[in-house]
Amino acid sequence: QVQPVESGGGLVQPGGSLRLSCAASGSMFSMGILAWYRQAPGKEREVVAGISKGGDDARYVDSVKGRFTISRDNAKNMMYLQMNDLEPADTALYFCNEFSWEPSKLSGWGQGTQVTVSS
């Protein structure tokens, strides 16, 4: 299984923005619903946002609603996460994968991309 490649992370001040990208295999995109996840130090990996196969239905956890926007380009096998008004609590390693409410049961994880929000 080809693992996805996440990119776009970095160090940003509170209130700043970042755009994460996920380059995934065609097989991952064919699974349908995809998601972004994050894992902060000492915490479990959690779902941040999910998007339907057609890209017309997106859902977010409450903590990022109104600040993050998930999108996908099926023709390019790419998925994105636009993150605005970042907060220190958003600091984590971000991953992309097929959607699951139990990410610990998924395989095929990439290396992730680090997002650090700090002044």
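**Close-up views of Ser-52, strand E7 and the whole chain**

**View A. Ser-52 lies in the loop that links strand E5 (46-51) to strand E6 (58-60).** The model shown is predicted. Ser-52 has a relative accessibility of 15% and therefore counts as buried, the cut-off being under 20%. Apart from neighbours within four places in sequence, the residues in contact with Ser-52 are Gly-32, Ile-33, Asp-57 and Arg-72.

**View B. Side chains alternate along strand E7 (residues 68-73).** Phe-68, Ile-70 and Arg-72 point to one face and are buried. Thr-69, Ser-71 and Asp-73 point to the other face and are not buried. In a regular strand, side chains alternate between the two faces of the sheet. Arg-72, one of the contacts of Ser-52, thus links this view to View A.

**View C. Strands E7 and E8 form a hairpin.** E7 runs antiparallel to E8 (residues 78-83), and six bridges join the two strands. Arg-72 stands opposite Met-79 in E8. Four residues lie between the strands, and Asn-77 in the turn has a positive phi of about 55°.

**View D. The protein chain comprises one helix and ten strands.** Their order along the sequence is β-β-β-α-β-β-β-β-β-β-β. The radius of gyration is 13 Å, which agrees with the value near 14 Å for a compact globule with 119 residues. The C-alpha trace spans about 40 × 30 × 25 Å along its principal axes. Of the 119 residues, 44% count as buried. Among contacts with a separation of 6 or more, 56% involve residues 24 or more positions apart.

How values were computed. Residues numbered from 1 in each chain as written. Predicted model: local features only at pLDDT ≥ 70, side-chain atom pairs only at ≥ 80, totals over all residues. Heavy atoms only, no water. Buried < 20%, exposed > 50% of the residue type's maximum accessible area, 1.4 Å probe, protein only. Contact = heavy atoms within 4.5 Å. Pairing = 2+ DSSP bridges. Rg over C-alpha atoms; globule rule 2.2 N^0.38 Å.
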